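Hello,

I am passing this structure on to you. Please look through it first; my notes on what was found follow below.

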Amino acid sequence: MGCIVVVGGFFGDEGKGKIVAYIVNKDNTSLAARGGVGPNAGHTFVVGDKTFKVRMLPSAALNTKTKLAIGAGVLVNPEVLIQEITSFDVHKRTFIDRNCGIISKEHIRKDLSTNHLKNNIGTTGTGTGPANSDRALRILTLAKDQAELKDYISDVSSMIHYHLDKKEDVLIEGTQGTFLSLFHGGYPFVTSKDVTASSICADVGIGPKNVDDVLVVFKSYVTRVGAGPLENELDRDESVKRGWLEFGSVTGRERRSSPFNIEMAKKAIRLNSATSLAITKMDILYPQIAGITEYTKLPINARNFIENIESELGLKVVLIGTGADVNAVIDRRK
Ligand code: IMP
Ligand code: MG
C-alpha cells in the first residue's frame, strides 16, 4: 500500500471514518496521520454494537498497533483531544505536531456569535474559522506552547517520512469534503481551508511524490449540512422516505440530501488526482445487500450502480460499504 491519502469527494460525511478504520485494521497500517481543518469534523465508526466518534484523533484509533498523528495544518481543541485520548486510551501512541494551531474559547464564542458565520454560512460553531483567521494573522497559539499537550508534541512530518523510508504503510486521513474547500467549493459556503488531497498532504508534511494512492470516498447519495447550494436537493419528506435523512455527528443538525451527482464526482476526481474510489452506504440504496462482503453476491442493480460510476469516472471502486459496521465492506483491492 505505501502511502495512501483518503479524502471525501462531496461535502463531508461520506463515511471516511469507517473506510479508514477498515483499511487500518485490514492492513495493519503503521501510522495514520490526520490532516484537514480540525474538530469541525466528526468521523464515526461502528464495531459490533459499539459506535465510536472522533473529532480530533484519526479514525484508526481502534487498531492498537497503529500510531496516531495530527499534522501541523490541523487545528486542535485541547479539551476535545485529551478527552478522546483518554477514552480510547491511546496516550502512548498519539503524536501532535508542534505546529498545530490551538482553538481557544474565544474562537468558539466568535464562531457561535458572528451572524455571518452562524447564520449565513451555518458553520459547525467549533471555532475553526476564527482560529484559522488568527493563524493567517500570525497571532495564533501553537501546540508547542500549550502545556497540557506537552506529552504528545512531536514532528509529524519527520515521523511519516521515517515510516515511509522503512517501506511501511502510512495512511493520511482527510476531513471535510472536496466541495467544502475554501478554494474549490462554492464560496462562501465552504470551510476555512482547502481540503483537497494536496492540502491534506501539506497539512501533515508530505509532498505529492510521497503519495502512492489517493482514495476518494463518495457516499451512494449526497448530503450537505449547513448553508449553500445543493443540486437536485430532495425535500425533507422524500429524504425521509428514502432513508437519506441524516444528522450531523458534531452539531446534530439535519443534513440535506440529493442523489449521487456524477458531474461533481468527476470534478472531485480531478481536484484530488484520485487513483481509486470507495462508495459507502450502498445498503441504504439497496437494503437487501446489508452486510454482504463479496462483490459477486450483489444483485445486478447494485452492480450496475457501481459499474456505471466506474465507467463514467474511469476508476475502480475498490471498497464498497454495505452497512454501518467497520467490517461491512466489499474489498476489491486485490
Ligand atoms: P466550519 O468548517 O465549521 O467553518 O463550517 C463551514 C461549513 O462547512 C458549514 O457548512 C459546515 O456545516 C461545513 N462542515 C465543516 N466541517 C464539516 C464536516 O466535517 N462534515 C460536514 N460538513 C462540514
Ligand atoms: Mg462527519
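Donors are N, O and S atoms within 2.8 Å of the metal, and since water is not among the atoms, sites may look incomplete. Please keep in mind that this is a predicted model.

The metal site comes first. The magnesium ion (ligand 2) has as its protein donors D13, through OD, and G42, through O, at 2.0 to 2.4 Å. These two residues tie together distant parts of the chain, being 29 residues apart. D13 sits in the loop between β1 (3–8) and α1 (16–27), while G42 belongs to the loop between β2 (31–34) and β3 (43–47).

Are the two donors buried or exposed? Buried means under 20% relative accessible area, and exposed over 50%. G42 has 16% relative accessibility, so it counts as buried. D13 has 24%, so it counts as partly exposed.

Next is ligand 1. It is surrounded by 16 residues, and the closest are D13, N40, T124, T191 and V225. By class, this shell is made up of six nonpolar, eight polar and two charged residues.

Three side chains have polar atoms to look at here. In D13, a side-chain N or O atom is 3.3 Å from a nitrogen atom of ligand 1. N40 places a polar side-chain atom 2.8 Å from an oxygen atom of ligand 1, and for T191 the distance from a polar side-chain atom to an oxygen atom of the ligand is 2.6 Å. On its own, ligand 1 has 470 Å² of accessible area, and the protein covers 96% of it.

D13 thus appears twice: as a donor to the magnesium ion and among the closest residues to ligand 1.

Regards

Note on methods
Residues numbered from 1 in each chain as written. Chains lettered and ligands numbered in written order. Predicted model: local features only at pLDDT ≥ 70, side-chain atom pairs only at ≥ 80, totals over all residues. Heavy atoms only, no water. Near = heavy atom within 4 Å. Polar contact = N/O pair within 3.5 Å; in protein donor to acceptor, adjacent residues only side chain to side chain. Areas by Shrake-Rupley, 256 points an atom, 1.4 Å probe, with all protein chains shown as cover. Nonpolar A, V, L, I, M, F, W, Y, C, P; charged D, E, K, R; others polar. Donors = N, O, S within 2.8 Å, 3.2 Å for Na, K, Ca; no water. Helix = DSSP H or I, 4+ residues; strand = E, 2+ residues; numbered from the N terminus. Buried < 20%, exposed > 50% of the residue type's maximum accessible area, 1.4 Å probe, protein only.
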